[in-house]
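Got a pair of chains and some interface questions to go with them? Take a look, then we'll go through the terms one by one.

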Protein chains: 2
Amino acid sequence: MKEIKGGVTAAKGFFAAGAEAGIKYKNRKDMAMIYSEKPCQVAGTFTSNVVKAACVLWDKQIVEQSPFAQAVVVNAGIANACTGSQGFSYCKETAQAAAGCLSIPEDAVLVASTGVIGMQLPIDKITAGVKKLQPLLGSDEAAGTQAAEAIMTTDNRSKQVAVTFTVDRKEVTLGGMCKGSGMIHPNMCTMLGFLTTDVSIEKSLLQEALREDVKDTFNMVSVDGDTSSNDTLLLLANGMAGNATITEKNEDYKVFCEALHFVNVALSKMMAGDGEGATALIEAKVIHAASKEDAKTLAKSVICSSLTKAAIYGHDANWGRILCALGYAGVEFDPENMELFFEGKEGRIQIFKDGVATDYSEEEASKILAEPEVRILVDMKMGQGEALAWGCDLTYDYVKINADYRS
Amino acid sequence: MKEIKGGVTAAKGFFAAGAEAGIKYKNRKDMAMIYSEKPCQVAGTFTSNVVKAACVLWDKQIVEQSPFAQAVVVNAGIANACTGSQGFSYCKETAQAAAGCLSIPEDAVLVASTGVIGMQLPIDKITAGVKKLQPLLGSDEAAGTQAAEAIMTTDNRSKQVAVTFTVDRKEVTLGGMCKGSGMIHPNMCTMLGFLTTDVSIEKSLLQEALREDVKDTFNMVSVDGDTSSNDTLLLLANGMAGNATITEKNEDYKVFCEALHFVNVALSKMMAGDGEGATALIEAKVIHAASKEDAKTLAKSVICSSLTKAAIYGHDANWGRILCALGYAGVEFDPENMELFFEGKEGRIQIFKDGVATDYSEEEASKILAEPEVRILVDMKMGQGEALAWGCDLTYDYVKINADYRS
């Protein structure tokens, strides 16, 4: 497996575009389209929130019932959530507009929205945007970047990654893009993520691979503990790599799953590191927990702790807050028999051992916490459970962004 | 039942004091003592955090095993958590010092600490503080206030309340004090709370009354989702009201429980409203949920949502975030069949109905959200479950306070 440049247009036969549709933002791209020249198998995971956006309901239907998918239309600015039956009819109108432009069936069009909850979409601007996007579709890296930029809301950076790997002696490509950056605490998947691949694989395996992988990737990310009504992760596979279709959990499937994991981890970290207002990515790694589930629970508790997040913003090695967050996670352990480390580019320092603080240097610890990627390593010394979780620091800017997001 | 002035010294036979011991803060009181001239029945609830402060371990032992309790020593500034066996021995030394001054048994002395986790207590200053406190003990309102001020950390206001009520034709008094204001997400009880009463009641009933009531009061408060290692709520009853001892769940017990609930609600609201950096108390009231448990889960989810908290700081009626927080709470419901209201001093406005926003006035909504007490009312229209939860807004000052708390 090799990382390459690009995102959703990296795989063969995929096109993308981004354009200004004037939905809510001024003077910036706010609509994106992804299109595959061949019909795709599609897998999707969606928010577990009881309050589901209209577009989530639409996409679930497409993923579960349509014979194939071939395009995705995304808008930023308005979430199309809590919009009742009118919101759902707007999904259909959006799909119809795209189906007309692209000469594909309406039920092959997925839609996704992100932004303010509760407002209705300006459907005329959306359908006009669809028509604007179609002639802009391109298969190069720049086209993918245009799309990745168009789906941003409070994100500071667009988020893309792509890899190539070999299946059945054929070169296969998998690429993706996603956006954060507030209301991020995915549960079954992330805010909005789009993955495209030219691998040939059966739909049920595609879905299983995605469903399993998000548990260790996007679902281990939290920016603010708020699980969105719009979380959507879609994976389109058009088979154009020409490999013998993967129909069982063989070596080819394993190679594909590894590539999928790499891409999802990369996007998850980008999303956490660019959380609203964030100055640092926080990675919590828990090792030797009694079980994998315990490790996940503990790791996630650390990256969700507001106090830990604020301390890291202040580059303050206030490790007691990390111990506290582990302690209230709901996992039994002996605080006297665990160890805590901070890890940075320059190395690792031990902070806690045998129930008390080590004689670490505050200055050295603070230096590690000032790096853009901070790793908290927790050794539970109980078993073989291991997990990673990703979050970000809590800053003035998070409050600023969210105290008046709608205006 | 009648609310009266005062706190822990309101009930007959209770004394209190606050003094400067120079533990961590400069030029302010940082140690408090409560003393009862008669031995007390004592009940306590403590943090559910696996990481328990040394003082929590000490107090659990006293509450469970000592025949009676008669004094409490509290320090602010250092939490005595994650301090190993040395931390526990300091609890014993503190109790010994108080026992000596007050001529009571060592195992009748409860201790409580709040502040930075991981540092050892300066035990010489603590024992000197105990000796300083004893001659300052007073039974008037001012003495109670001194104690309430001494236990503050980042609190802006001291928190006290007291009531009188009648049991067995005798006037009974119950008073209390508590402190917040960060790392507040009590689970089994609050950060630090101390209740004193002159009622005569059996220990097992006292414990049951306290244990049951915290579930609907302190455990329904959250400032930042972080459950502390030090949460402690103690209730001392010295029997000096002279009522026939309450030994069963009769009318007297009910009256006492009502008074206890009143005091706990008042303290809970004070704590939430004075959360770190807060400008407003947020009260979420859920009615007509399928069950009481559901109502509690939903109410707590709303007051814990960072995005909702930040929106209220901005006086922004971004109600979609409230719907979202209800949606990810883990309770099944139909978003099309519930209603949302904002309530302020001036009245109530409906925000959401039949799956979409009402035609409410943003200006009017923003005005309600600018009040110091904001009530969010959610009608689930499913059953008879009802609950209240209390939190506060998320502000720049929360980040400021916590980015560099230790220095």
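Q: What makes the copies meet through the same surface?
A: 100% of the interface residues of chain B are interface residues in chain A too, so the surface is the same on both copies. Contact here means heavy atoms within 4.5 Å, and by that test 56 residues of chain B touch 56 residues of chain A. Bear in mind that this is a predicted model, where local features need pLDDT of at least 70 and side-chain atom pairs count only at pLDDT 80 or more, while totals for chains, interfaces and linings use all residues. Residues are numbered from 1 along each chain as its sequence is written, chains are lettered from A in the order in which they are written, and side-chain values use heavy atoms, with hydrogens and water left out.

Q: How do you know that the two copies are related as by a two-fold rotation axis?
A: Superpose them by least squares on the C-alpha atoms of residues with pLDDT of at least 70 in both. Chain B lands on chain A after a rotation of 180 degrees with 0.0 Å of shift along the axis (RMSD 0.0 Å). The copies are thus related as by a two-fold rotation axis. Among chain B's residues, Tyr396(B) comes closest to that axis, at 2.6 Å (C-alpha).

Q: What is the count of salt bridges between chain B and chain A?
A: Zero. To qualify, a side-chain nitrogen of Lys or Arg has to be within 4 Å of a carboxyl oxygen of Asp or Glu.
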